[in-house]
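Biologist: I am new to this structure. Please show it to me, and let me ask how each label is earned.

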Amino acid sequence: MWNNWAGDQACTPAHFAQPASVDEVRDTVRESARQGRGVRVVGAGHSFGDNVLTSGTLLSLDRLSGVLGVDREAGTVRVAAGTRLHELNRLLDGHGLALANLGDIDSQSVAGAISTATHGTGRNLGNLATFVQDVELVTAQGDVLQASAAGRDVLEAARVSVGALGVITAYTLKVVPSFTLHGVQEPAALDETLERLDDHVDGNDHFEFFSFPHSGTVLAKRTNRVDGPVPGRGTSTTGRLRSYLEGELLENTALDLVCRLGRARPGLIPRLNRLATDLITPTSRTGTSHEVLVSKRSVRFTETEWALPREACAEALTEMRRLVTSRRLDVNFPFEVRFVAGDGESLLSPAYGRESCYIAAHMYRGMPWQEFFTAVQDVALSYGGRPHWGKRHSLSADRLSGLYPRWDDFQRVRRELDPDGLFANDHVRRIFGA
Ligand SMILES: Cc1cc2nc3c(=O)[nH]c(=O)nc-3n(C[C@H](O)[C@H](O)[C@H](O)COP(=O)(O)OP(=O)(O)OC[C@H]3O[C@@H](n4cnc5c(N)ncnc54)[C@H](O)[C@@H]3O)c2cc1C
């Protein structure tokens, strides 16, 4: 039995394979096709939706890991698709290189993160799929395809493809020289944060905030590049330990306690929301980019997340917060609000063609999320929102097709690469059609 990270998606595949080479991937794909078994790939299982579930063959690329080549002149690396992001960060460090941006955590596999357009925050920074220069994938026929050689539309489709085009075995990724970041997190008034949103977003390399539905205070995070270490900040061992403990206490231990209490006594949730924001104290941290961008997330939850046109951010968030109170929904987790550059190179990037604000809504494990997530989805859709491909949403192809200007181009590539739907499961059939 396979389970996702949140523990609320499970399946029992007929066959589980961990190939150690591209040839073994081809053999597994061909054999599954011969036996009429569908194929899905799992990365680190951190998606919240039913993306991975299969009763056919489940493939893990954990044994296809590592940096396969570095081209300093081009500023690219070739990386095996199963590499976990934390491992990639460590290996890049060794070459004096880094990814230009990261999401909240680094547990995902490179292919899993890129295939759902995983993103961090930063108005000039695209999601991880924007770093992709080339994709190597094994098709339904068992052929190894270099997407760039197969045509521009194949590459544009393969970047964000939710496992529907084939088994991705390697990427060529754009990288940057290692850099140091200084991150500050502190309490801020929600009203002021929304009124001066453009100043915050445009004035920082990375800006994001967390907003509890029943509190007028947000946790704001501002992170910026610095030249070398900032004197007296968290670069010493004790400084690092202190900021780790502060982050651990606030973002994990205290949050878990507040959520447990709220789950047991939902009537306390509004007060617990305010208590959680009262606990926020200003902290700062300086370090290598991935040390500062990545956090530890030990509290288990499920999530929906929507990419909206950036200018809709304040209005949409206000509406989402309001529906929690007007419908008396029990929500003891904060909304997370982030900003991502528009991109035009991945046909199914939720930020396709527009600068985007991402609003994420969470629900603590063991609490009902359906009504809340549906209400958030309705608000997001009313602003032209597009769902994160790795998170919960209930849209199917008929609705999604209207959200992506080049939907038909993606479908054409899918028909060419996987005419019989070898890589389709219920999730893929719902979002892309049979
Ligand atoms: C605690 C937590 C924090 C998170 N933080 C963020 C964040 O900050 N920003 C953000 O955008 N998202 C975030 N996410 C979501 C997460 O990044 C995505 O769901 C991502 O897809 C998970 O990567 P994974 O390796 O676990 O992939 P999986 O969930 O295992 O797979 C994701 C999809 O990719 C496909 N896939 C995986 N490997 C391959 C391959 N080799 N070839 C073809 N298809 C493949 C799978 O079939 C599936 O459809 C978070 C999730 C969690 C649980």
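Modeller: Start with the domains: their bounds come from an automatic or database domain assignment. Here that gives domain 1 (62-177) and domain 2 (180-387). Their centres, taken over C-alpha atoms, are separated by 25 Å. The model is predicted: local features need pLDDT of at least 70, side-chain atom pairs count only at pLDDT 80 or more, and totals for chains, interfaces and linings use all residues. Residues are numbered from 1 along each chain as its sequence is written.

Biologist: What makes a contact, and how many residues does each domain give to this one?

Modeller: Two residues are in contact if their C-beta atoms, placed from the backbone, lie within 7 Å. Domain 1 gives 23 residues to the contact and domain 2 gives 27. On the side of domain 1 that touches domain 2, α2 (85-94) and α5 (152-159) each give two or more residues. The most comes from α5, with three residues. Such names follow DSSP runs, numbered from the N terminus: helices are H or I of at least four residues, strands are E of at least two.

Biologist: Why is A117 called buried or exposed?

Modeller: A residue is buried if 20 or more other C-beta atoms lie within 10 Å of its own, exposed if 12 or fewer, and partly exposed in between. A117 has 28 other C-beta atoms within 10 Å, so A117 is buried. A117 sits in the loop between α3 and β9 (132-138). Its phi is near 60°, a positive value in a residue other than glycine.

Biologist: And what makes R328 buried or exposed?

Modeller: R328 has 9 other C-beta atoms within 10 Å, so R328 is exposed. R328 is in the loop between α11 (313-326) and β18 (335-340). Phi of R328 is near 50°, again positive in a residue other than glycine.

Biologist: What is L275 called, and why?

Modeller: L275 counts 16 other C-beta atoms within 10 Å, so the label is partly exposed. L275 belongs to helix α9. The buried residues of α9 (residues 269-278) are I269, L272, N273, A276 and T277.

Biologist: How do you know where those buried residues lie on α9?

Modeller: Look down the axis and take the directions from it to the C-beta atoms; the arc is that of these directions. The buried residues of α9 fall within an arc of 135°, so they line one face of the helix.

Biologist: What makes a nonpolar core, and which residues have the most contacts inside the largest one?

Modeller: A nonpolar core is a set of buried Ala, Val, Leu, Ile, Met, Phe, Trp, Tyr and Cys residues joined through C-beta atoms within 7 Å. The largest has 64 residues, and V79, A81, V110 and Y171 have the most contacts inside it. Strand β11 (residues 167-174) gives the largest share, five residues.

Biologist: Why does this core lie where it does?

Modeller: Both domain 1 and domain 2 give residues to this core, so it lies between them. Another core lies apart from it, with 49 residues, including A188, V201, Y352 and V376.

Biologist: What makes a residue part of the shell around the ligand, and how many are there?

Modeller: The residue's C-beta atom, placed from the backbone, must lie within 6 Å of the molecule. By that rule, 32 residues surround the ligand, and the closest are G43, G103, G112, G163 and G390. The largest share of the shell, four residues, comes from α3.
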